[in-house]
Amino acid sequence: MWNPPPAPPLGRRARHAAAGGAAGGMPGMAEDEIKLAMQYRDKMQKRLEAMTHESTSGGVTAKYDGQGSPLEVVVSEGALAGGPAKVGESVIQALKDARMESQKGMQATMMEMQKELMAELQASAPKE
């Protein structure tokens with residue numbers, strides 16, 4: 001008698017979905033919690049997109065967005081008078097400082113959003 005080969009083992013997500021969990025979701029999270037987390041992710045993305053950080057060094061201003069990407073560098077007439085080496089140093093310093101501010105802003109926003117999400121999850125948790 002011929003027996004077909006066994007089916008390949010299910011992956012973790014497939015096992016979770018087969019057990020009644022949200023398809024592709026995270027183990028231990030209810031579907032409404034996943035939706036709430038996704039809403040907060042989108043909200044955080046919008047906040048980060050709206051943020052900008054800038055720094056000025058030696059007449060050079062560098063500007064980054066809230067996600068850590070450079071947006072622009074503006075070199076003033078006064079900075080140009082210092083010569084190429086001085087302009088180069090000022091550009092590098094302004095970029096470093098603006099990027100650091102952008103990273104700090106991202107971290108602060110993420111921490112704030114995480115606290116908001118946790119508070120909302122706790123408030124909506126069933127009371128025992």
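The legends below describe close-up views of a predicted model.

**View 1. The whole chain, with 4 helices and 3 strands.** The predicted protein has 128 residues, and buried residues make up 23% of them. Read from the N terminus, its elements follow the order α-α-β-β-β-α-α. The accessible surface is about 9,200 Å², and carbon and sulfur atoms account for 57% of that area. Of the contacts between residues at least 6 apart in sequence, 48% link residues at least 24 apart.

**View 2. Confidence along the model, from helix α1 to strand β2.** The mean pLDDT of the protein is 83. A value of 70 or more is reached by 77% of the residues. Among the elements, helix α1 (residues 12-18) has the lowest mean pLDDT, 53, and β2 has the highest, 96. Where pLDDT is low, the predicted coordinates should not be read in detail.

**View 3. The open sheet, with strand order β1-β2-β3.** The 3 strands of this sheet pair in the antiparallel sense. β1 and β3 (70-75) are the edge strands, each pairing on one side only. On average, neighbouring strands are turned by 15° against each other, direction ignored. Helix α4 (residues 84-124) packs on the sheet and touches β1, β2 and β3. The direction of α4 makes about 30° with that of β2. Strands of a sheet pair through backbone hydrogen bonds, either parallel or antiparallel.

**View 4. The hairpin of β1 and β2.** Strand β1 covers residues 52-57, and strand β2 covers residues 60-65. The two strands are antiparallel and are joined by 6 bridges. Histidine 53 has tyrosine 64 in β2 as its bridge partner. Serine 57 has valine 60 of β2 as its bridge partner. Between the strands lie 2 residues, and glycine 58 in the turn has a positive phi of about 55°.

**View 5. The hairpin of β2 and β3.** β2 also pairs with β3 in the antiparallel sense, here over 5 bridges. Alanine 62 stands opposite valine 73 in β3. This hairpin has 4 residues between its strands. Glycine 68, in the turn, has a positive phi of about 85°.

**View 6. The two faces of β1 and the surroundings of serine 55.** Side chains alternate along β1. His53, Ser55 and Ser57 point to one face and are buried, whereas Thr52, Glu54 and Thr56 point to the other face and are not. Serine 55 has a relative accessible area of 13%, so this residue counts as buried, the limit being under 20%. Apart from neighbours within four places in sequence, serine 55 is in contact with Val60, Thr61, Ala62, Ala94, Asp97 and Ala98. Val60, Thr61 and Ala62 among these lie in β2 (residues 60-65), while Ala94, Asp97 and Ala98 lie in helix α4 (residues 84-124).

**View 7. Lysine 46 in helix α2.** Helix α2 spans residues 31-50 and includes lysine 46. Lysine 46 has a relative accessible area of 60%, so this residue counts as exposed, the limit being over 50%. In sequence, lysine 46 and glycine 66 are 20 residues apart. In space, the C-alpha atoms of lysine 46 and glycine 66 are 9.5 Å apart.

Technical notes:
Residues numbered from 1 in each chain as written. Predicted model: local features only at pLDDT ≥ 70, side-chain atom pairs only at ≥ 80, totals over all residues. Heavy atoms only, no water. Buried < 20%, exposed > 50% of the residue type's maximum accessible area, 1.4 Å probe, protein only. Contact = heavy atoms within 4.5 Å. Pairing = 2+ DSSP bridges. pLDDT = per-residue confidence, 0-100. Axes fitted to C-alpha atoms, helices over the stretch in contact; angles between N-to-C directions. Areas by Shrake-Rupley, 256 points an atom, 1.4 Å probe, with all protein chains shown as cover.
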